[in-house]
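Subject: Handing over a structure, with notes on what was found

Dear colleague,

I am passing this structure on to you, and since you are new to it, I have written some notes to read alongside it. Please look through the sequence and the 3D view before you go on.

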Amino acid sequence: MSAIDGDLREVGARLRRMREERGLSLSELARRAGVGKATLSGVETGTRNPTLDTLWAITAQLGVPIAAVLGATTEPVVMRGEAVVASLLEVFEDEGVTYELYRMRVPPGATQTSPAHHEGVTEHITVFTGTLRAGPLDSPLVAGPGGYLTWRSDVPHGYAAVGAEEVLASLLIRYPATS
């Protein structure tokens with residue numbers, strides 16, 4: 001499933017530039033992110049639309065928020081995972097911390113597992129409709145309408161709607177600066 005709508009060549013060029021700035025080879029970044037070298041090469045050349053999990057795995061190893069590779073846009077960028085459709089609404093910068101605000105939908109019947117973000121990243125979800133199970137794979141949290149979930153997302157984590165109702169929520173991801 002494609003993760004992003006938009007110009008894949010521009011996303012790929014930004015990824016390649018960030019990788020090269022960090023002195024990482026294509027092989028080394030692919031190994032660290034747990035993705036195939038051919039997959040990473042295709043993402044960098046814009047010939048492959050990565051899954052959301054692949055994009056998060058790569059950006060986690062680069063130590064950057066996902067928004068850093070998406071670029072500036074006036075329209076929400078829609079990203080799709082196995083069980084999550086997230087629209088990036090806004091990116092905020094504040095004294096070395098980046099925040100990404102998403103509108104999130106989680107349909108019933110699917111589960112998504114996401115790779116760990118870089119150290120210190122936290123996620124904050126406010127549920128508007130439905131019941132959401134989300135958080136670290138070994139200790140997921142559950143919230144219904146009006147509920148709030150938060151966890152350190154520098155570990156593998158997941159998302160799933162509980163029951164037959166679609167979940168509508170806001171997701172705020174906080175990325176501390178990396179050294």
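As a way in, is Glu-95 buried or exposed? With a relative accessible area of 80%, Glu-95 is exposed. Please keep in mind throughout that this is a predicted model, and that the values below are computed from it.

The hairpin and its neighbours

Glu-95 is found in the loop between β2 and β3, and these two strands make a hairpin with two residues between them. Most residues other than glycine have a negative phi. Glu-95, although it is not a glycine, has a positive phi of about 45°. The strands on either side of this turn, β2 (residues 85-94) and β3 (residues 97-106), run antiparallel and are joined by nine bridges, and within this pairing Phe-92 stands opposite Tyr-99 of β3.

Strand β3 is also joined to β10 (residues 167-176), through 10 bridges and again in an antiparallel manner. Two of the positions can be named here: Arg-103 has Ser-170 of β10 as its bridge partner, while Tyr-102 has Leu-171. Strand β10 is paired with β5 as well, by seven antiparallel bridges, and His-124 is placed opposite Leu-172 of β10. Seven of the 10 residues of β10 are buried, so this strand is largely enclosed by the rest of the structure.

The open sheet

A further set of four strands forms an open sheet, in which the order is β4-β9-β6-β7 and the pairing is antiparallel. Because β4 (111-114) and β7 (141-143) each have a single partner strand, they stand at the edges, and one side of each is left without a neighbour in the sheet. From one strand to the next, the twist averages 15°. Strand β6 (residues 131-136) is linked to β7 by three bridges, and Leu-132 has Ala-143 of β7 as its bridge partner.

The core and helix α4

Leu-132 also appears in the largest nonpolar core, which has 46 residues; Tyr-102, Met-104, Ile-125 and Leu-132 are the ones that touch the most other members. Helix α4 (residues 52-62) gives the most to this core, with six residues. If neighbours within four places in sequence are left aside, the contacts of Ile-125 include Met-104, Leu-132, Tyr-148, Trp-151, Tyr-159 and Leu-171.

Helix α4 is mostly covered, with nine of its 11 residues buried, and among the buried ones are Leu-52, Leu-55, Trp-56, Ile-58, Ala-60 and Leu-62. Gly-63, which comes just after α4, takes a positive phi of about 75°.

A buried histidine

His-117 belongs to the loop between β4 and β5 (122-129), and its relative accessibility is 6%, so it counts as buried. The side chains of His-117 and Glu-123 are joined by a polar contact of 3.0 Å. Apart from neighbours within four places in sequence, His-117 is in contact with Trp-56, Ala-60, Glu-123, Ser-153, Asp-154, His-157 and Tyr-175; of these, Trp-56 and Ala-60 are also listed among the buried residues of α4.

Two crossing helices

Two packed helices are described by the angle between their axes and the distance between the axes. For helix α1 (residues 8-21) and helix α3 (residues 37-45), the axes come within 5 Å and cross at roughly 115°. On the α1 side the residues that meet α3 are Leu-8, Arg-9, Gly-12, Ala-13, Leu-15, Arg-16 and Arg-19, and their counterparts in α3 are Val-43, Glu-44 and Thr-45. By type, the residues of this contact divide into four nonpolar, two polar and four charged.

One residue of this contact may be worth finding in the view, namely Glu-44, which is in helix α3. Its relative accessibility is 4%, and Glu-44 therefore counts as buried. Not counting residues up to four places away in sequence, Glu-44 touches Gly-12, Ala-13, Leu-15, Arg-16, Arg-19 and Leu-26.

With best wishes

Key:
Residues are numbered from 1 along each chain as its sequence is written. This is a predicted model: local features need pLDDT of at least 70, side-chain atom pairs count only at pLDDT 80 or more; totals for chains, interfaces and linings use all residues. Side-chain values use heavy atoms; hydrogens and water are left out. Two strands pair if DSSP finds at least two bridges between them. Axes are lines fitted to C-alpha atoms, for helices over the stretch in contact, and angles run from 0 to 180 degrees between N-to-C directions. Buried means under 20% relative accessible area, exposed over 50%, partly exposed in between (1.4 Å probe, protein chains only). A polar contact is a pair of N or O atoms within 3.5 Å; within protein, one must be able to donate a hydrogen and the other to accept it, and residues adjacent in sequence count only if both atoms are side-chain atoms. Contact means heavy atoms within 4.5 Å. Ala, Val, Leu, Ile, Met, Phe, Trp, Tyr, Cys and Pro count as nonpolar, Asp, Glu, Lys and Arg as charged, and the others, Gly among them, as polar. A nonpolar core is a set of buried Ala, Val, Leu, Ile, Met, Phe, Trp, Tyr and Cys residues joined through side-chain atoms within 4.5 Å.
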